[in-house]
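Colleague: I would like to go through this structure with you. I will keep asking how each label is earned.

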Amino acid sequence: QEKSSRLSAALFGEDCEISHDQLYELLKYAALGKCHNATQASWCRIYHQSHLAGVVVIVLHEMSQLHFYKFYLQFKHLRKVFRHRFTLTPSGNFLASLYGEGANLKPQNTAQGLTSTSSECIPKSSDLQCDPIIRKYGLKKRGLTSYTLTLEEQKKNYYPIKGSPGCKGYIYTECDQQRTDSSPLFGLDCEMCLTAKGNEVTRVSLVDAQGQCLLNELVKPESTVVNYRTRFSGITKKMLLPVKTRLPDIQTRLKKMLPHDAVLVGHSLNADLQALEMIHPSVIDTSLLFARNEGRRFKLKFLAKAVLGKEIQCEQKLGHDPAEDARAALELAQFFIEQGPAKVAELNLEMLLTTEKLAEVSQNKAALQPQGCKVQKQLNEPPHLSKPCFLDCLQVTGQKPLLLGRQELDSSVLCQSNLSTSNKQILQRALEDVPLSTFSIVQFSLGPDYIASPLLAGLCEKVRSKLTDMLTIYAGPFEESFCLKSVKKEFGRCGPIQSLTVVTETCQPYVCIQYEVLEAAQLAVESLNGAEVAGSCIKVQRPVTATMLDCDVLIKELELDVENEGVIYVAGLKKSLTEMDLQEEFSQLKDLETLFLPKDLQSGKHRNCCFLKFQKSQSAVDALEVINGWTMKGSKLRSRNALASGHLWRWIWQMNRSNGKQGGNVLYEKMEQLSDSEQDLRKKVKKLDHHIKKLYRSLQSNTLCVVLFPGVNSMHGSQSGLGLMGIKDDGGKSAC
């Protein structure tokens, strides 16, 4: 069965502002894959990249995140198809930044990282036969069972073996089912401290084949610690003081977590299993998999950089991160299995290691040189390009990227169709040409009439005004001598309050409350309207304005938004609770994937609410029933479906904070000018959404599609951009 490509992105809560460098990183890997010196993006993973049918980038020029939410109801296709979204930092020269710094230069023979694409670095086929990897495994690709250690290899490398004298009292995982090439892989790594007993495990990490961390636990050693080895282990005395978990607890958990045909992967895994006092029959040891002559072994840090392009075990960090190491070892094994011994041998790791060492020596010598010598040397050297042009990298692989639209890019390798003048013409060309290219950029535009700075400023003010109204509720009437503190406490249980004022223009007092998150305002309307608060039966409502007439429709569509699928909002948390406390409290909820605790982006203090993301939508529905009315540490919780759980949360916070900072009179004039053409703009946006829908439907399955609102960065002001992305599945929807 043909594998489908899959996308996994950490874009929940605060981790959703992406720079152009990070976007470049993703697109390069999507188009080129591991074999061409591209690496997985740090913020997003593409599984089975080699099965991608192509990459299509749709650029909506002159548009920003502001446009998406102003015309949210008109962008019906975009919001229902693309699950992954991110805020994009605006750029003055968007297309150039999309491709990297060399986008307007002629092709250069440059390499990035340790892996080189130049012919001098790739060994000849005759040399491959002498490579220790080829001598051990041959040239052909094999399944994972060919790379598991035999019993003899385990004995030779001091692995704990069932029945051997030195393993008395060790726990057997009982994973005795026969392994196949489809058996699941799990990465394992431990950190040890030196105790009176010897090396004892103090931290254990287990990751699954998708890189998800299943276990990351501190362990209290039995004996007194003699040396914490903090520089390497990252463990300190303070960290272990509150820990109650012991080795038998970890052994029991690992035994339960591992399926009967599990294959464990690690780097010098024998040391980890010895420290865990566990026996497992099927292992892949990456220190032996990437074979060297004379029994020498590559370090995990070097392999991660040379093969995967990842920096691990950085000196800036305190000690090693076992989850990071376990994931690196797992990805190395997956790379070896997917690419085969010949591709690994072609990396010429021995030469790369030598090159790296020579570079270190050179740097050390340079550091010892007088400052004047270094300056003179720099003057004599040609300017250094920090990264090669993305287009040039594509050309090396024989691909000709396609650019359709109004903006040109100065590049000798770009295949440009005749520049079109209308979005309809661009769509027609795209439907014809995109299927013939593995990497395409299609540019649409609203046109020059809609990018004037007064229009943009007016649009911004309208969105900000509507957002403020949606975050605001009025409650009352109250008695003349009502307790304001009681009111604030009751409404505060719905979520973080930005401001609370008493309305005195009415015959009886009312309160006006502005919340920080949309969910809090909606929760207040739903749960407190008609309730008794501070001794009065009150009505809770939003402001009645022209822009709020479609508020209920907008709330409903936000709930149905694919980005909020499986996500719920929980309020009423005590601020003394930490993220770790909440993880523990909510651990009983089925299929809980992620917890996001919003923080004030200025003070860093967390709010009295959180978002919970579940793997399945039904699990989120079940959790709502459990949580509503649940008392946690003496505080009664309230919850509802999420409305703005992803990148929108941060954007709302920023818009909220900037409210009222611009002058009023000028903006009202601009708003009048905007209203004359707003209806026409709505029609154009709706048609644009239809064009994207038509183009998306024409794409092959397994195509990565990225839609970009570049944002605005000019002398008149700056507006963040927005990215939406997904891999099209067989049903025409965007797969995770």
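Colleague: Start with Histidine 20. Where does it lie?
Modeller: Histidine 20 lies in helix α1, residues 20-32. Keep in mind that this is a predicted model.

Colleague: Why is histidine 20 called buried?
Modeller: Its relative accessible area is 8%. Buried means under 20%. So histidine 20 counts as buried.

Colleague: What makes the pair of histidine 20 and threonine 89 a polar contact?
Modeller: A polar atom of the histidine 20 side chain lies 2.7 Å from the backbone oxygen of threonine 89. The cut-off for a polar contact is 3.5 Å. The distance of 2.7 Å is within 3.5 Å.

Colleague: Now the whole chain. How many helices and strands are there?
Modeller: There are 27 helices and 33 strands. The chain has 736 residues, and 52% of them are buried.

Colleague: What share of the contacts links residues 24 or more positions apart?
Modeller: Among contacts with a separation of 6 or more, the share is 73%.

Colleague: Let us turn to asparagine 564. Where is it found?
Modeller: Asparagine 564 is in the loop between α23 (551-560) and β23 (567-571).

Colleague: Is asparagine 564 buried or exposed, and how do you know?
Modeller: Its relative accessible area is 5%. The limit for buried is under 20%. Therefore asparagine 564 is buried, although it sits in a loop.

Colleague: How far is the C-alpha atom of asparagine 564 from that of lysine 613?
Modeller: The two C-alpha atoms are separated by 8.6 Å. Along the chain, the two residues are 49 residues apart.

Colleague: Lysine 613 falls within the range of strand β25, residues 609-614. What makes you call β25 mostly covered?
Modeller: Count its residues: 5 of the 6 are buried.

Colleague: How do you know that β23 and β25 pair?
Modeller: They are joined by 5 bridges. Pairing takes at least two. So β23 and β25 qualify, and they run antiparallel. Tyrosine 569 stands opposite phenylalanine 611 in β25.

Colleague: And what makes β24 and β25 a pair?
Modeller: Strand β24, residues 592-596, shares 4 bridges with β25, in the antiparallel sense. Leucine 592 has phenylalanine 614 in β25 as its bridge partner.

Colleague: In which order do the strands of this sheet stand?
Modeller: The order is β24-β25-β23-β28, in an open sheet of 4 strands with antiparallel pairing.

Colleague: Why are β24 and β28 called edge strands?
Modeller: Each has a single partner strand. So one side of β24 and one side of β28 (638-641) have no neighbour in the sheet. On average, neighbouring strands here are turned by 25 degrees against each other, direction ignored.

Colleague: Which strand is the partner of β28?
Modeller: β23 pairs with β28 over 4 bridges, again antiparallel. There, valine 570 stands opposite serine 639. Helix α22 packs on this sheet and touches β23, β25 and β28. The direction of α22 makes about 110 degrees with that of β28.

Colleague: Why is α22 called largely enclosed?
Modeller: Helix α22, residues 518-528, has 11 residues, and 8 of them are buried. So the rest of the structure largely encloses α22. Among the buried ones are Leu518, Glu519 and Leu528. Glycine 530 follows α22, and its phi is positive, near 90 degrees.

Colleague: One more sheet. Which strands form the order that begins with β18?
Modeller: The order is β18-β19-β17-β22, an open sheet of 4 strands with antiparallel pairing.

Colleague: What makes β18 and β22 the edges?
Modeller: β18 (497-503) and β22 (539-541) each pair on one side only. From one strand to the next, the twist averages 20 degrees.

Colleague: How do you know that β17 and β22 pair?
Modeller: They share 3 bridges. The minimum is two. So β17, residues 472-476, and β22 are a pair, in the antiparallel sense. Tyrosine 474 has glutamine 541 in β22 as its bridge partner.

Colleague: Which helix packs on this sheet?
Modeller: Helix α21, residues 484-492, packs there, touching β17, β18, β19 and β22.

Colleague: What joins β18 to β19?
Modeller: A hairpin does, through 6 residues. The two strands also pair over 6 bridges, in the antiparallel sense. Threonine 501 has cysteine 512 in β19 as its bridge partner.

Terms used:
Residues numbered from 1 in each chain as written. Predicted model: local features only at pLDDT ≥ 70, side-chain atom pairs only at ≥ 80, totals over all residues. Heavy atoms only, no water. Buried < 20%, exposed > 50% of the residue type's maximum accessible area, 1.4 Å probe, protein only. Contact = heavy atoms within 4.5 Å. Axes fitted to C-alpha atoms, helices over the stretch in contact; angles between N-to-C directions. Polar contact = N/O pair within 3.5 Å; in protein donor to acceptor, adjacent residues only side chain to side chain.
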